[in-house]
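Here is a short tour of one structure. Keep the sequence and the 3D view open while reading.

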Amino acid sequence: MPHPPKYDDDEPLLVRVRELAMALPLAGERLSHGHPTFFCGKMFAVYGGTVKPESGKGPHIQHPDSLIFWPDDEEKLALVQDPRIFLPAYYGPWGWLGIDLDANTDWTEIAELLEVSFRLTATKEAIALLDAATA
């Protein structure tokens, strides 16, 4: 049985994330575990996440207005110092990070995080198209 959607399709933060993610070459979107998931060959971003409680017991802490992304290794140490950044359940052990979004979100920063994550996971064809578009 598929997971029910855990978001409102008209949520303004999701709409903006979707615009940025889908502007990347050959990007697609599908529902995965109830969350909008963006991919190009492989997943490069997820809207909404959770964090396991420190005790490891009890319900996960919800971060419904957030972006899960795969950071560049060189930037990861700096990113984890930011209070908006969290280690998402399930994805965190594999190197992914989450960032909380709100009305004051710097969308240029989010676009950059999406592009880095995209470059780390996308097909060679999609990266070539992105390079050609930004040249």
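A crossing of two helices is right-handed if the near helix is turned clockwise from the far one by less than a right angle, and left-handed if anticlockwise. With that in hand, look at the helices. Note that this is a predicted model.

**Helix against helix**

Helix H1 (residues 12-22) passes helix H3 (residues 107-121) in a crossing that is right-handed. Their axes come within 10 Å and cross at roughly 50 degrees. That makes H1 oblique to H3. On the H1 side, Leu13, Arg16, Val17, Leu20 and Ala21 make the contact. H3 contributes Trp107, Ile110, Ala111 and Leu114. By class, the residues of this contact are eight nonpolar, no polar and one charged.

H3 also packs on helix H4 (residues 124-134). The axes of H3 and H4 are 9 Å apart, at an angle of about 140 degrees. H3 and H4 are therefore oblique to each other. From H3, the contact uses Glu115, Phe118 and Arg119. From H4, Ala126, Ile127, Leu130, Asp131 and Thr134 take part. Here the classes are four nonpolar, one polar and three charged.

**The sheet**

How many strands form the open sheet, and in what order? There are six, in the order E1-E2-E3-E4-E6-E5, and the pairing is antiparallel. Strand E1 (28-32) and strand E5 (85-86) are the edge strands, each pairing on one side only.

The table lists three of the strand pairs, with one bridge from each.

| Strand pair | Bridges | One bridge pair |
|---|---|---|
| E1 and E2 | five | Leu31 and Pro36 |
| E2 and E3 | four | Cys40 and Lys42 |
| E4 and E6 | four | Ile68 and Gly98 |

Two hairpins link the strands at the E1 end of this order. The hairpin of E1 and E2 has two residues between the strands, and His33 there takes a positive phi near 55 degrees. The hairpin of E2 and E3 has one residue between the strands. In that hairpin, Gly41 takes a positive phi near 85 degrees.

Is strand E2 (35-40) mostly covered or mostly open? E2 is mostly covered, with six of its six residues buried. Both of its faces are covered. His35, Thr37 and Phe39 are buried on one side, and Pro36, Phe38 and Cys40 are buried on the other.

**Helices across the sheet**

H1 lies across E1, E2, strand E3 (42-51) and E4. It runs at about 10 degrees to E2. H3 lies across E2, E3, E4 and E6. The angle of H3 to E3 is about 125 degrees.

**Two loop residues with positive phi**

Most residues other than glycine have a negative phi. Leu26 has a positive phi of about 60 degrees although it is not a glycine. Leu26 is found in the loop between H1 and E1. Its relative accessible area is 49%, so Leu26 is partly exposed.

Tyr90 also has a positive phi, of about 70 degrees, and is not a glycine. Where does Tyr90 lie? Tyr90 sits in the loop between E5 and E6. Exposed means over 50% relative accessible area. Tyr90 has 59% relative accessibility, so Tyr90 counts as exposed.

Conventions. Residues numbered from 1 in each chain as written. Predicted model: local features only at pLDDT ≥ 70, side-chain atom pairs only at ≥ 80, totals over all residues. Heavy atoms only, no water. Axes fitted to C-alpha atoms, helices over the stretch in contact; angles between N-to-C directions. Parallel < 35°, antiparallel > 145°, perpendicular 65-115°, else oblique. Contact = heavy atoms within 4.5 Å. Nonpolar A, V, L, I, M, F, W, Y, C, P; charged D, E, K, R; others polar. Pairing = 2+ DSSP bridges. Buried < 20%, exposed > 50% of the residue type's maximum accessible area, 1.4 Å probe, protein only.
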